[in-house]
Amino acid sequence: MTNSPVLNEINREKLKEVLSNGYPMSKAALAERTGLDLSLVSSIVDELVKTREIQAVGTQSVKAGKSCRVYQYNLDCRSVIVLMLQGQRIDWFLLDSLGMTKNQGQVEVESDQLETMLFLLQTMRRSEPSLCCFALGMDAKGEDETDEDLLKKLETASGLKGIIGSRMCFSAEGSGQRLRLKENHSLMSFGFGQSGLSGSFVVNGKVQKDIPSWTDASKPLPELHEENSSDELLQAQLQWIENSVLAADPDVVVFYAHPFFEQHKEEILAGLKQRYNTLPVPKIMTAENFQLDYEIGLSRQAMALLEEFKDRQV
């Protein structure tokens, strides 16, 4: 029972919570504060030193002229939590300063999405003293709330620096990275989510923060359903895609796997060839791995935010 992974993790969290106050403490002091056995504390401390989460910062005098080593949370060891809001579920993973996954999990949204995200961030901050920022990817939000509004609420309540973006934006950046997009080259991707048809544009490996009005990605067209589809809606969607590609003139266009694109890919290509006239049409690709691209792009943005935070602390 004492070797239970769950119990070991609980004991680790107890120790890290005490150390998060920033004061140097000896193994004996930590054992006293946590109520854990000294040998167990010693083992956990040695483990945390190896992972650089804490560090020895000198010695402290004790009785009979003896001294003992004291430990403190390592300020150079930072981490970022990545959140992916997908329907009524939040998938999350914690990345260290090297981009390695330290921990991960999944939380079901039982009532309010904002409350669930806040609870998760606050809980993780208490258990992970190294946590300094977060990155949130989401498909759709309330019509009356902007990304800036939501970001401010999460940052204020959690005390963490954060970024928020759409799943399409992050996946487009991940797609550019996975395809090893050349310098000065651009990529446009299209996909369907809960909010319908949307797209995103990447230049030099970076998603454009201020998406031009011709993409209108903040107000995507509704998704087609067999029971209410119409020629008018279909043509509006096809026209929107063609207009977006024509205005951006990307080097590569990626369509994420969906029946809509499978059915109309040739129609879209024919429309682009006609409108490009004698000019070369962008390379058209179909991708099956939206989730992989999404995680790559979101992780890259999370690590960039972590680097910004570390630079400000220097």
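**Figure 1. A nonpolar patch on the surface is formed by Val-6, Leu-7 and Ile-10.** Welcome to this predicted model! Together, the three residues of the patch offer about 240 Å² of accessible area. Let us look at one of them, Ile-10, which sits in helix α1, spanning residues 5-19. How exposed is Ile-10? Its relative accessible area is 41%, so Ile-10 counts as partly exposed.

**Figure 2. The whole protein chain combines 9 helices and 13 strands.** Before the next close-up, here is some background on the chain. It has 314 residues, and 44% of them count as buried. The accessible surface of the protein chain comes to about 17100 Å², and carbon and sulfur atoms hold 49% of that area. Now think about which parts of the sequence meet in the fold. Among contacts with a separation of 6 or more, 63% are between residues 24 or more positions apart.

**Figure 3. Five strands make an open sheet in the order β6-β5-β4-β7-β8.** The pairing in this sheet is mixed. Which strands stand at the edges? They are β6 (101-108) and β8 (161-166). Each of these two has a single partner strand, so one side of each is left without a neighbour in the sheet. On average, neighbouring strands of this sheet are turned by 15° against each other, direction ignored. As a reminder, strands of a sheet pair through backbone hydrogen bonds, either parallel or antiparallel.

**Figure 4. Strand β7 (residues 131-138) runs parallel to β8, joined to it by 6 bridges.** Strand β4 also runs parallel to β7, and here 7 bridges join the two. A good residue to find in this view is Met-138. Facing Met-138 in β8 is Ser-166, while Leu-85 has Met-138 as its bridge partner in β7. Is β7 mostly covered or mostly open? It is mostly covered, with 8 of its 8 residues buried.

**Figure 5. Helix α5 (residues 147-158) lies across β7 and β8.** Compared with the direction of β8, helix α5 runs at about 150°. Helix α6 (residues 167-178) packs on the sheet too, where it touches β4 (79-86), β7 and β8. The direction of helix α6 makes about 90° with that of β8. Try tracing each helix against β8 to get a feel for these two angles.

**Figure 6. The loop between α6 and β9 (186-193) holds Arg-180.** Asn-184 lies in this loop as well. What is special about the backbone here? Most residues other than glycine have a negative phi. Arg-180, however, has a positive phi of about 55° although it is not a glycine. Asn-184 is not a glycine either, and its phi is positive at about 70°. Are these residues buried or exposed? Residues count as exposed when their relative accessible area is over 50%. Arg-180 has a relative accessibility of 71%, so it counts as exposed. Asn-184 has a relative accessible area of 59%, so it is exposed too.

Definitions and conventions
Residues are numbered from 1 along each chain as its sequence is written. This is a predicted model: local features need pLDDT of at least 70, side-chain atom pairs count only at pLDDT 80 or more; totals for chains, interfaces and linings use all residues. Side-chain values use heavy atoms; hydrogens and water are left out. Helices (H or I, at least four residues) and strands (E, at least two) are DSSP runs, numbered from the N terminus. Buried means under 20% relative accessible area, exposed over 50%, partly exposed in between (1.4 Å probe, protein chains only). Contact means heavy atoms within 4.5 Å. Accessible areas come from the Shrake-Rupley method with a 1.4 Å probe; for residues, only the protein chains shown count as cover. Patches are made of residues with over 30% relative accessible area and no salt bridge: like charges are joined within 9 Å, nonpolar side chains (Val, Leu, Ile, Met, Phe, Trp, Tyr) within 5 Å. A salt bridge is a side-chain nitrogen of Lys or Arg within 4 Å of a carboxyl oxygen of Asp or Glu. Two strands pair if DSSP finds at least two bridges between them. Axes are lines fitted to C-alpha atoms, for helices over the stretch in contact, and angles run from 0 to 180 degrees between N-to-C directions.
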